[in-house]
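User: I would like to see how each label given to this model follows from its definition. Please set the values against the cut-offs as we proceed.

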Amino acid sequence: MKILSLCGSIRDGSSSELLLRAFRSVLPSGTEWSPVDLKSLPYFDPSCQFSNVPALVTEIRREAFLADYIVIATPEYAHGIPGILKNALEWLICEETMKKKVVLFIVSPSGGEYVLQYLTETLRTMDLLPSDELTMVINNARNQLSADGTVDPDLKNSLIELSKRLL
Ligand SMILES: Cc1cc2nc3c(=O)[nH]c(=O)nc-3n(C[C@H](O)[C@H](O)[C@H](O)COP(=O)(O)O)c2cc1C
């Protein structure tokens, strides 16, 4: 199984990043995991969407094409999608991502209902395939995940259950 991952927070010690690490740790050995470095992406420019595409974007689109799943973990910012994540998604509006299944983790102390709604709508508009069964909202991440890799047992079980729904 191959996964392309995107983290909507570039903050040091990000709970979303810790969540991605925790999810990766429960996946079958041999799973290929390719993280997108959102900070390295240029600002999306429609004039480079299909010609003169930046090399990094071409590479990420290829990784997306080869991936079985795109895994996204993100906080909610001002009731919306963090800009850095939206920027990456705009580059991923392309044939390579069409009909790709998405595993979605919303990491938000308030429940993240806005970002869940907006992001799901954006992903569907991009012809990606988010689904209820592969979506999880985590609203106590700061107490459930540690930088040393410790994961709250209940959260770990939920991640294991979710992982069983993949290929
Ligand atoms: C600029 C900013 C705006 C935020 N807006 C929201 C919000 O609208 N809803 C919410 O639940 N949390 C909001 N938060 C809190 C983040 O969801 C929370 O800090 C989250 O844990 C950050 O994720 P991270 O640990 O992956 O960086 C906001 C945080 C920042 C920095």
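User: What makes a residue count as near the ligand, and which residues come nearest?

Analyst: A residue qualifies if its C-beta atom, placed from the backbone, lies within 6 Å of the molecule. The ligand has 15 residues around it, and Ser9, Ser15, Ser16, Pro75 and Ser110 come nearest. The model is predicted, and local features need pLDDT of at least 70, side-chain atom pairs count only at pLDDT 80 or more, whereas totals for chains, interfaces and linings use all residues. Residue numbers start from 1 along each chain as its sequence is written.

User: How many residues of each class form the shell around the ligand?

Analyst: The shell has eight polar, five nonpolar and two charged residues. The classes are fixed by residue type: Ala, Val, Leu, Ile, Met, Phe, Trp, Tyr, Cys and Pro are nonpolar, Asp, Glu, Lys and Arg are charged, and the others, Gly among them, are polar.

User: What makes residues 113-125 helix 4, and what span does this helix reach?

Analyst: Helices are DSSP runs of H or I with at least four residues, and strands are runs of E with at least two, each numbered from the N terminus. Helix 4 has 13 residues. The expected span is 1.5 Å times one less than the number of residues. From first to last C-alpha, helix 4 reaches 18 Å, close to the 18 Å expected.

User: Which residues of helix 4 are called buried, and which exposed?

Analyst: A residue is buried if 20 or more other C-beta atoms lie within 10 Å of its own, exposed if 12 or fewer, and partly exposed in between, with C-beta atoms placed from the backbone. In helix 4, Val115, Leu119 and Leu123 are buried. They cover an arc of only 55° around the axis, taken from the directions to their C-beta atoms, and therefore lie on the same side of helix 4. Gln117, Glu121, Arg124 and Thr125 are exposed on the other side. Among the elements that cover the buried residues are strand 3 (69-74), strand 4 (101-107) and strand 5 (129-138); contact here requires C-beta atoms within 7 Å.

User: How do you know that the buried residues of helix 3 line one face?

Analyst: The buried residues of helix 3 are Leu85, Ala88, Leu89 and Trp91. Seen down the axis, they fall within an arc of 155°, so they line one face of helix 3. They pack against strand 1, helix 2, strand 3 and helix 4.

User: What makes a nonpolar core, and which residues touch the most other members of the largest one?

Analyst: A nonpolar core is a set of buried Ala, Val, Leu, Ile, Met, Phe, Trp, Tyr and Cys residues joined through C-beta atoms within 7 Å. The largest has 38 residues, of which Leu19, Ile70, Val71, Ile72, Val102 and Phe105 touch the most other members. At least two residues come from each of strand 1 (2-7), helix 1 (15-25), helix 2 (55-66), strand 3, helix 3 (83-91), strand 4 and helix 4. Strand 4 gives the most, with six residues. Leaving out residues up to four places away in sequence, Ile70 touches Leu4, Leu6, Ala64, Lys100, Val102 and Leu128.

User: Why is Asn52 called exposed, and why is Met126 called partly exposed?

Analyst: Asn52 has 8 C-beta neighbours inside 10 Å and therefore counts as exposed. Met126 has 18 such neighbours, so Met126 counts as partly exposed. Asn52 is in the loop between strand 2 (32-35) and helix 2, whereas Met126 is in the loop between helix 4 and strand 5. Met126 touches Leu89, Leu92, Ile93 and Thr97, not counting residues up to four places away in sequence.

User: What phi values do Asn52, Ala78 and Asp127 take?

Analyst: Most residues other than glycine have a negative phi. Asn52, not a glycine, has a positive phi of about 55°. Ala78 also has a positive value, near 45°, and Asp127, just after helix 4, takes one of about 70°. Ala78 lies in the loop between strand 3 and helix 3, and 9 C-beta neighbours inside 10 Å make Ala78 exposed.

User: Why is Arg165 called exposed, and which residues does Arg165 touch?

Analyst: Arg165 has 11 C-beta neighbours inside 10 Å and so counts as exposed. Arg165 lies in the segment after helix 6 and touches Glu133 and Leu134, not counting residues up to four places away in sequence. The C-alpha atoms of Arg165 and Leu134 are 7.5 Å apart, although the two are 31 residues apart in sequence.

Key: Two residues are in contact if their C-beta atoms, placed from the backbone, lie within 7 Å.
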